[in-house]
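Here is a quick tour of a model, written for someone at the bench. Have the sequence and the fold open while you read.

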Amino acid sequence: VLQKTFAAGMAQNKLICRMLDTGIHQSTPYLQCTSEEALMELPLTPLGQYVAMAPGYDWKEVQVPDFDRSLLPLNALVSQLLSARSSSYTSTITNQGDKSPQTKYGQQSKDETASKLSSSGIALFKNGLTALYREVVRRIIREPYPQSWDGGPEVQEFIARCNDRGVPTAAIRKVDVKRIEVNMGIGRGSAAARRVAADSLNTLYPRADAQGQQIINYNIAAAYSGAALAREVFPPKQGLRPPQDLEDANTENSAISAMAKLSLPQSVVVLPTQNHSIHLESHLGYMGQVNQLIEQQQMPLAVAVPILEAELDHAEKHMELLDPTSPNKGTYLSDLNQIRQVVTNGAKQIFAEQAKMQREAQHNGPQSMQPENENASADGQPANAAQSPNAAVLTQAAETEQKLKDSHVDMALRIASSQKKDAREDALTAAKIQAMGLPPGAVP
């Protein structure tokens, strides 16, 4: 690198010296004498706060070449040449003296310009850094490396730390130095490029699941304030992938359906930390299945409408907490409107049937409420009032009761499984705290 940069460095040194000399020359006052006698006299005589000039002298203005058109552009060219030959990793940020207010997109554009890295500069920097690391490792693993050499205590401490973690010294001696490579992280070492990459991930935030959103938040915070603060603001969380949210949403569907059938108030809480897209898809799918059963006349409206109404109320709460930039927001709103129409029309139909039955009961008496096939026997005689109910009605009632019991059992099993999982996680955390020697109540 020194061989490549020597000529440019010497040229830059000459330019800097010329700029200094010219600046001193330009800032020096010059006096011009009009006669030989004036050279023998003192030109300036201080008189208190004034200075008297002897006769025969006059101020002389010296013309100096313009720096902006000569030395400064040449110095910038030489600096660029020196930067290219010295494998500069990041480009120089210009316009540092610009104090004008910038918009968000203007600042992002400047950051993108400042973070652009040439492929040749990256290759030169990475190759040199790789060679440096290989040489460092080659010297560390050589045997012997006594403490009297430069870096000897640090090498011995490194080997001792590896031995404490279960890495034998023989394995350290057998490291393949030629396979050592430098890994480039986000931004490739450039802070501006890392911020630009992190801000670009923000456009994918609505499409990511809960864990993906957590990773995006962590990377953005780490790009601006460092990894330590990012871990404090967005600590890693377990169980955020869609299978867990999907399982929770299916459990909520069973619970809401069971409470609606028993005419109990809906008490399933919507949490802000849930993945609302996954929950909405599950609830909308379940409501679509109930609506299909209504169309196929496999579920009466009196049973289906309360379930749909409770599910709709729960789904609308998820909709309120959904990210406004979610690409599926329009689809969710359209599906909820269709379910709302089904609930409204079904409720009106149930109310109309109940009103009709009440009018018939008031006009004809209780006997009019009985089905026509129960008013007379097969031979035309009136049927007995104590006659047994219809077998189809009894079968449907038994099936409904059995389904309700199955849902209760399934709900109890899910609750027991969740409690068992929580107890296992608590036991693992307690064992971890005990193994780390932390005081009670501390977080590992």
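## Loops, bends and helix pairs

S263 counts as exposed, since its relative accessibility is 68% (exposed means over 50% relative accessible area, buried under 20% and partly exposed in between, with a 1.4 Å probe and protein chains only). Before going further, note that this is a predicted model, where local features need pLDDT of at least 70, side-chain atom pairs count only at pLDDT 80 or more, and totals for chains, interfaces and linings use all residues. Residues are numbered from 1 along each chain as its sequence is written, and side-chain values use heavy atoms, leaving out hydrogens and water.

Back to S263: this residue sits in the loop between α11 (242-261) and α12 (276-295) (helices are DSSP runs of H or I with at least four residues, strands are E runs of at least two, and numbering starts from the N terminus). S263 has a positive phi of about 60 degrees even though it isn't a glycine. Q297 is another non-glycine with a positive phi, near 60 degrees. For comparison, most residues other than glycine have a negative phi, and most peptide bonds are trans. The peptide bond from E143 to P144 is cis, with omega near 0 degrees. Here is where to look for these spots:

| Residue | Loop | Backbone angle |
|---|---|---|
| P144 | between α5 (119-141) and α6 (152-164) | omega near 0 degrees, bond from E143 |
| S263 | between α11 (242-261) and α12 (276-295) | phi about 60 degrees |
| Q297 | between α12 and α13 (301-321) | phi near 60 degrees |

Q297 is exposed as well, with a relative accessible area of 74%.

Now for the helices. Two packed helices are described by the angle between their axes and the distance between the axes. The axes here are lines fitted to C-alpha atoms, for helices over the stretch in contact, and the angles run from 0 to 180 degrees between N-to-C directions.

How do α12 and α13 pack? Their axes are 10 Å apart, at an angle of about 160 degrees. The two helices are therefore roughly antiparallel (over 145 degrees; under 35 is roughly parallel, 65 to 115 roughly perpendicular and the rest oblique). Their crossing is left-handed, a term used if the near helix is turned anticlockwise from the far one by less than a right angle, with clockwise being right-handed. On the α12 side the contact includes H276, H279 and H283, and on the α13 side H314 and H318 are among the residues (contact means heavy atoms within 4.5 Å). By class, this contact has 13 nonpolar, 5 polar and 1 charged residues (Ala, Val, Leu, Ile, Met, Phe, Trp, Tyr, Cys and Pro are nonpolar, Asp, Glu, Lys and Arg charged, and the others, Gly among them, polar).

Is H279 of α12 buried or exposed? H279 is buried, at 0% relative accessibility. Leaving aside residues up to four places away in sequence, H279 touches D245, D248, A249, E252, Q274 and H318.

The axes of α8 (residues 191-201) and α9 (residues 210-225) come within 9 Å and cross at roughly 155 degrees, which means α8 is roughly antiparallel to α9. This crossing is left-handed.

Finally, a word on confidence. The protein chain has a mean pLDDT of 76, and 75% of its residues reach 70 or more (pLDDT is the predictor's confidence in each residue, from 0 to 100). Over residues 92-97 the pLDDT is below 50. Residues 371-390 stay under 50 too. Where pLDDT is low, the predicted coordinates should not be read in detail.
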